[in-house]
Every structure is written in structure tokens, then in C-alpha cells.
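Colleague: I'd like to learn how to read a fold from its sheet and its core. Could you walk me through one?

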Amino acid sequence: MPKITVLPHPEICPEGTEFETAPGVSIADALLDHHVDIEHACGKVAACTTCHCIVRKGYNSLPPAGDNEEDLLDRAWGLTPVSRLSCQAIVQNEDLTVEIPKYSINYAKEGK
Ligand code: FES
């Protein structure tokens with residue numbers, strides 16, 4: 001089973017973590033299943049950017065992003081060439097190293 005390494009994030013995962021997951025699940029679902037509470041304001045339907053993650057290792061193993069995902073990513077905070085919406089990126093057989101950006105654009109949260 002592929003291993004996902006999550007780099008430390010000050011609020012979501014201060015120590016970082018590592019776990020194995022079945023291929024075929026989205027990165028967001030794999031994270032949430034392992035208590036890494038990445039934001040997912042739209043319910044994982046590719047309509048926000050709060051689940052943005054940076055795939056530091058294994059990026060090329062992921063099926064490519066669709067046009068809608070690319071359009072949304074353009075609005076994400078801290079976009080990099082290896083950014084994905086974690087709800088749309090499906091884990092294959094390769095290990096991944098994932099970084100959760102320090103900030104996300106969550107208008108609902110900011111409006112509190
Ligand atoms: S949870 Fe909204 S785009 Fe992934």
C-alpha cells in the first residue's frame with residue numbers, strides 16, 4: 001500500500017504524520033481518514049480551494065488535474081507547480097509526501 005507522509009502544519013498536523021492508504025482514494029479522504037483535518041469547505045466536489053495541498057513527492061504519479069481543478073487552483077493561496085486539490089487527486093501505487101499550505105482561502109471561515 002502506498003505511504004503518505006504529511007509534513008508538519010502548525011494547526012492541522014503539528015508533528016507531521018505518516019500512514020498507509022489504499023490506492024484509489026483521494027488525498028483528502030486519505031488525510032481525513034487518518035485524523036488530518038484538512039479543510040474541505042465545498043464537501044470535496046471541486047468547488048472551493050480549501051483542500052489545496054502541495055505534493056512534494058510523487059506528484060507525477062497522480063492522474064492529471066482536470067480543467068476545473070486547474071481553474072480553481074489558480075485562486076489558491078500559495079500555488080506551486082506541484083499543487084493539487086486534494087479532493088480531486090487520487091492516490092495511485094506510489095508513496096506521496098504532502099504539504100498542507102499554511103493558509104487557505106475560506107471565505108466562510110474568514111467571515112465569522
Ligand atoms: S474540498 Fe472544495 S475543492 Fe476540494
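## Reading the sheet and the core

Modeller: Happy to, and keep in mind that this is a predicted model. Let's begin with one pair of residues: in strand 4, leucine 85 is the bridge partner of histidine 52. That pair belongs to a ladder of 3 bridges between strand 3 (residues 52-57) and strand 4 (residues 83-85), and the two run antiparallel.

Colleague: Let me zoom out for a second. How many helices and strands does the protein have, and in what order do the elements run?

Modeller: There are 3 helices and 5 strands. Starting at the N terminus, you read β-β-α-β-α-β-β-α.

Colleague: Sequence order needn't be sheet order, I guess. In what order do the 5 strands sit in the sheet?

Modeller: To get that, you follow the pairings from neighbour to neighbour. Here the order is 2-1-5-3-4, in an open sheet with mixed pairing. Strand 2 and strand 4 are the edges, each pairing on one side only. From one strand to the next, the twist averages 30°.

Colleague: Which pairs run parallel and which antiparallel?

Modeller: Take them one by one. Strand 1 and strand 2 (residues 17-20) are antiparallel, joined by 4 bridges. Strand 1 and strand 5 (residues 96-99) run parallel, with 3 bridges. Strand 3 and strand 5 go antiparallel, again over 3 bridges.

Colleague: How would I trace that residue by residue? Say, what are the bridge partners of valine 6?

Modeller: A residue in an inner strand can have a partner on either side, so look both ways. Valine 6 has valine 98 as its partner in strand 5 and threonine 17 as its partner in strand 2. Now carry on from valine 98: this residue is also the bridge partner of valine 55. Back in strand 1, isoleucine 4 stands opposite phenylalanine 19 of strand 2.

Colleague: And the faces of a strand? Which side chains of strand 1 are buried?

Modeller: Check whether the side chains alternate. In strand 1 (residues 3-6) they do: Ile4 and Val6 point to one face and are buried, whereas Lys3 and Thr5 point to the other and are not.

Colleague: On to the core, then. Which residues touch the most other members of the largest nonpolar core?

Modeller: That core has 20 residues, and the best-connected ones are Ile27, Ala28, Leu31, Ile38, Cys51, Cys53 and Val98. At least two residues each come from strand 1, helix 1 (27-33), strand 3 and strand 5. Helix 1 gives the largest share, 4 residues.

Colleague: Can we look at one of those? What is alanine 28 in contact with, leaving aside its neighbours within four places in sequence?

Modeller: Ile38, His40, Lys44, Cys51, Ser86 and Cys87.

Colleague: Last one: how do I judge the overall packing?

Modeller: Compare the radius of gyration with what a compact globule would have. For 112 residues that would be near 13 Å, and the protein has 13 Å, which agrees. The C-alpha atoms fill a box of roughly 40 × 30 × 25 Å along the principal axes. Buried residues are 30% of the 112. Finally, among contacts with a separation of 6 or more, 66% link residues 24 or more positions apart.

Terms used
Residues are numbered from 1 along each chain as its sequence is written. This is a predicted model: local features need pLDDT of at least 70, side-chain atom pairs count only at pLDDT 80 or more; totals for chains, interfaces and linings use all residues. A residue is buried if 20 or more other C-beta atoms lie within 10 Å of its own, exposed if 12 or fewer, and partly exposed in between; C-beta atoms are placed from the backbone. Two strands pair if DSSP finds at least two bridges between them. The radius of gyration is taken over C-alpha atoms; the globule rule is 2.2 Å times the number of residues to the power 0.38. Two residues are in contact if their C-beta atoms, placed from the backbone, lie within 7 Å. A nonpolar core is a set of buried Ala, Val, Leu, Ile, Met, Phe, Trp, Tyr and Cys residues joined through C-beta atoms within 7 Å. Axes are lines fitted to C-alpha atoms, for helices over the stretch in contact, and angles run from 0 to 180 degrees between N-to-C directions.
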